[in-house]
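Here are my notes on the model you sent round, set out as numbered points. Please read them with the structure open beside you.

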Amino acid sequence: MSRFIDLHTHTTASDGTDTPSQLVARAREGNLAALAVTDHDTTYGLAEAERAADGDPELIRGCEVSVRATFGELHILGLWLPPDVRLLEERMEDLRRKRTQRNEIIVEKLNSLGIPLTYDAVLHEAQGDVVGRPHIARALIRGGYVPDEKVAFGRYLASGGAAYVPKEVLEPVEGVRLLAGLGATVALAHPMLARCSRPELEGIITALRREGLDALEVWHSEHSQADEAYLQALARRLEMGVTGGSDYHGGTKPKVRLGTGHGGLRIGLRVLEQLKERRARQGLPV
Ligand code: AMP
Ligand code: ZN
Ligand code: FE
Ligand code: FE
């Protein structure tokens with residue numbers, strides 16, 4: 001029986017809408033062989049996910065770290081995080097504090113634009129400790145200030161929007177070194193969503209590879225087949241590993257399904273086996 005995996009998912013620990021237990025239950029329903037939980041800038045969902053999974057599906061401890069780029073942000077996945085993630089959590093906690101300050105400024109800006117949104121209303125939309133623009137968008141919709149998320153971002157929250165505030169994130173080198181230093185497999189998430197040219201992207205990957213970036217996320221809900229082919233060839237050329245996941249967020253991105261993305265995503269167990277073989281060659285535990 002061939003089985004499938006999903007190595008990029010979010011829970012209520014960040015901006016997903018399934019609790020870690022609900023996510024694991026859904027993975028089981030979908031007959032996934034392995035699941036990586038990769039919340040934004042936090043590892044707080046991992047313990048619950050591991051307890052719920054209890055070995056089936058195989059649970060890979062991960063996280064998705066945002067780092068700076070000239071065009072906005074890049075996302076870096078750390079897979080196979082060790083049991084002790086204090087070093088990572090300390091850094092993330094500092095960033096989360098700055099995130100809260102940023103969220104408060106966004107709300108103040110909205111207030112000065114005549115929208116009487118409270119920060120409590122934003123917190124009401126979040127269940128975990130990583131609160132961000134998707135939660136502000138939901139609060140705006142619930143308050144009847146915008147019809148949908150598209151308008152919330154376009155009018156107010158996206159870069160160029162009336163209440164936009166940039167987010168303080170790690171430098172790419174720091175993010176990669178932090179994860180690599182913990183013995184994680186470090187992968188560039190959804191490379192084709194980077195708002196830069198292919199030569200620029202390849203320059204970034206080549207530079208970060210020297211710091212410990214070891215894989216590319218070839219399969220992702222927003223990648224086309226041409227993207228997949230390009231990234232696979234690039235990974236081969238740079239002797240990097242390949243990974244894939246749906247970037248499932250539950251109701252935050254209702255069109256993206258766990259395991260299958262927009263419907264056509266199928267990531268075979270072989271991808272996981274190859275990543276593990278790679279880690280074994282590097283002397284890293286799985
Ligand atoms: P934050 O970390 O608070 O900056 O929020 C980032 C998240 O907001 C991303 O992971 C996306 O899910 C969401 N997001 C960013 N830009 C948009 C957009 N234009 N439309 C909808 N969602 C967006
Ligand atoms: Zn997200
Ligand atoms: Fe991402
Ligand atoms: Fe993600």
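How do the residues of the lining of the largest pocket divide into nonpolar, polar and charged?

1. This is a predicted model, and the points below should be read with that in mind. The lining asked about above divides into 16 nonpolar, 14 polar and 15 charged residues.

2. The largest pocket holds about 1300 Å³ of space, and its lining is made up of 45 residues, among which Glu73, His75, Arg133, Phe153 and Lys253 lie nearest the centre. The elements that contribute two or more residues to this lining are β3, β4 (72-79), α3 (86-112), α5 (133-142) and α6 (149-157).

3. His75, named above for its place in the pocket lining, also serves through ND1 as a donor to the iron ion (ligand 3), together with Glu64 (OE) and His190 (NE2), and these protein donors lie 2.1 to 2.2 Å from the ion. Along the sequence, the donor residues follow the spacing E-x10-H-x114-H.

4. Glutamate 64 also bridges to a second metal, the iron ion (ligand 4), which lies 3.4 Å from the iron ion (ligand 3). Because glutamate 64 sits in strand β3 (residues 58-69) and histidine 190 in the loop between β5 (185-188) and α8 (198-209), the pair ties together parts that are 126 residues apart in sequence. Both glutamate 64 and histidine 190 are buried.

5. The second largest pocket contains about 310 Å³ of space and is lined by 19 residues, with Gly30, Arg257, Leu258, Gly259 and Thr260 lying nearest its centre. By class, this lining comprises eight nonpolar, seven polar and four charged residues.

Technical notes:
Residues numbered from 1 in each chain as written. Chains lettered and ligands numbered in written order. Predicted model: local features only at pLDDT ≥ 70, side-chain atom pairs only at ≥ 80, totals over all residues. Heavy atoms only, no water. Donors = N, O, S within 2.8 Å, 3.2 Å for Na, K, Ca; no water. Helix = DSSP H or I, 4+ residues; strand = E, 2+ residues; numbered from the N terminus. Buried < 20%, exposed > 50% of the residue type's maximum accessible area, 1.4 Å probe, protein only. 1 Å grid on protein atoms, 1.4 Å probe; cavity = no way out; pocket = protein on both sides within 12 Å on 5 of 7 lines; lining within 4 Å. Points joined across faces, edges and corners; volume = space filled by probe spheres on them. Nonpolar A, V, L, I, M, F, W, Y, C, P; charged D, E, K, R; others polar.
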